[in-house]
Amino acid sequence: MHTLIILTGLLAFVSSKPCDTQGSSNSELLLSLNRELLRSLEEQQGLPNPSVHLALRLSDHHNHGKEDEHLNKLKIHLHNDIENSLSNSQSVVGLLALYTLALKASCYDLNTVTFNVNEKSETLLIHLKRQMEQEKEHIAYSHRPLTNYYQYSQGILALCVSGIRVNPHVNNKLIKAVEQGHIIHGDIDTFAMAGMALQCIKEGGSHVHNAADLDAALGTVKQKLLASQRPDGHMGNEFSTGLAVQALLAMGGQVEECAASMEAMRTDARSNTYHNPMAISQALPALQLKSYLQVKTKDCRDEDDTLVVEPREPVVVLPSQTEVALKVEVVKSSGAAAAFSVDVPKGSSLLEALEHLQRKHGDFTFEKETSLWGPFLSVVNGEQARQSDRRYWHLSSDGTALTQGIMDFKIKAAQTITIKNTNY
């Protein structure tokens, strides 16, 4: 009864304002986000981003020339990177799934996409199915995937929208993960991706062990998403709201259910909170009342091809003359802690601040790796936090967990940054 009262209250709250995507200011906002994604294609560092391509293809407005150019980069550079990972027997379910979704959204024939691994040529979808089987087997004996349930859900969704029959045992592992609490409480991104994957299974009529369990899992996901909504409208945090709204829409939620979240995302967009292309790529489909599930029925004919991007005006950023005191605490897996202090220019990114600290203090060192969200810490003071060991460097500012990466978080005031080797 308490759950029903809470859920009813949330529904009343999120239904209090209409989702207006037709107003001129909102329409221009969507176009500006679309243009920003297109500009990011020219500024990408590292591998081309399949999530950005997916958002561009789901959009109402297109620049086919730039999209086709990016598609070719995906088919060369990202494809080769995935092929190398497969050759080294690495688990890359999430990247394979995003690549599949990006190609499918371009109406590309997936049966023509092959990887040459160990002198054997097999299609993208065969490799994705095989990796999902490996993930499923790992869950069977260790109660968790090789990667994580977010990537596991991506894999199911990618296979499902591609019309591939997914092993019922693979589906059932995700259903059980939702119902038995194996997805970390508060991990809204994973619940959202799981919701879209399970909804695709339901709509596609894929065989599951128990249809009632599938419905129960979908209900649990919806409840978790709605219960995560903050007074300001965000679900989870600013960077998980896009996927959460996508999931609610995919699961048949009425537009009114996510009105407060829609308004929160529009506010974020106007205040440039979404300056990371990855963040825009997850929010833009939601703001257009779409979800990744719509890739399944994507029709690439008669698309609007009028989107034009003007060259960005060069911006000269002068270094700040004001410095702020930064304290950095490093906590290793053993619990051993070390503290360092340094003054950094106000407005520096955390990455710039750490680089400055490394130059000033020889006892502090770090290494980083790249991801679709940008660089992240891999080694700090000689200690590595490996995904294979279920560990990562957790970042917090004055005790509050960061929701942005080291390149996006700005040091605007004196604070203590804690870098802690954490298991998950």
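Two residues are said to be in contact when heavy atoms of each lie within 4.5 Å. In this predicted model, Cys-160 is, apart from its neighbours within four places in sequence, in contact with Val-166, Cys-200, Ile-201 and Lys-296. Cys-160 belongs to helix H7, which covers residues 149-161. Its relative accessibility is 6%, and Cys-160 therefore counts as buried, the cut-off being under 20%. Between Cys-160 and Gly-335 there are 175 positions in sequence and, from C-alpha to C-alpha, 43 Å in space.

Leu-157 was examined in the same way, with neighbours within four places in sequence left aside. Its contacts are Leu-101, Met-193, Met-196, Ala-197, Cys-200, Tyr-292 and Leu-293. Leu-157 is also one of the residues with the most contacts inside the largest nonpolar core, together with Tyr-99, Leu-198 and Leu-225. This core has 69 residues. The element that gives the most to it is helix H9 (residues 188-204), with 10 residues.

The chain as a whole contains 14 helices and 12 strands. Among the helices is H4, which runs over residues 64-87 and has 24 residues. At 1.5 Å a residue, a span of 34 Å is expected for H4; the C-alpha atoms at its ends are 33 Å apart, so the two values agree. H4 nevertheless bends by about 30° at His-79. His-79 is itself buried, as are Glu-67, His-70, Leu-71, Leu-74, Leu-78, Ile-82, Glu-83, Ser-85 and Leu-86 of the same helix. The buried residues of H4 thus include leucines as well as Glu-67 and Glu-83. After H4 comes Ser-89, which has a positive phi, near 60°.

The overall dimensions of the chain were also computed. For 424 residues, a compact globule would have a radius of gyration near 22 Å; the chain has 22 Å, and so agrees with this expectation. Along the principal axes, the C-alpha atoms fill a box of roughly 60 × 55 × 55 Å. Of the 424 residues, 50% count as buried. The accessible surface comes to about 19,700 Å², and carbon and sulfur atoms account for 50% of that surface. Among contacts in the chain with a separation of 6 or more, 66% join residues that are 24 or more positions apart.

Notes:
Residues numbered from 1 in each chain as written. Predicted model: local features only at pLDDT ≥ 70, side-chain atom pairs only at ≥ 80, totals over all residues. Heavy atoms only, no water. Core = buried A, V, L, I, M, F, W, Y, C linked by side-chain atoms within 4.5 Å. Buried < 20%, exposed > 50% of the residue type's maximum accessible area, 1.4 Å probe, protein only. Helix = DSSP H or I, 4+ residues; strand = E, 2+ residues; numbered from the N terminus. Expected span 1.5 Å × (residues − 1). Bend = angle between axes of the 7 residues up to and from the residue. Rg over C-alpha atoms; globule rule 2.2 N^0.38 Å. Areas by Shrake-Rupley, 256 points an atom, 1.4 Å probe, with all protein chains shown as cover.
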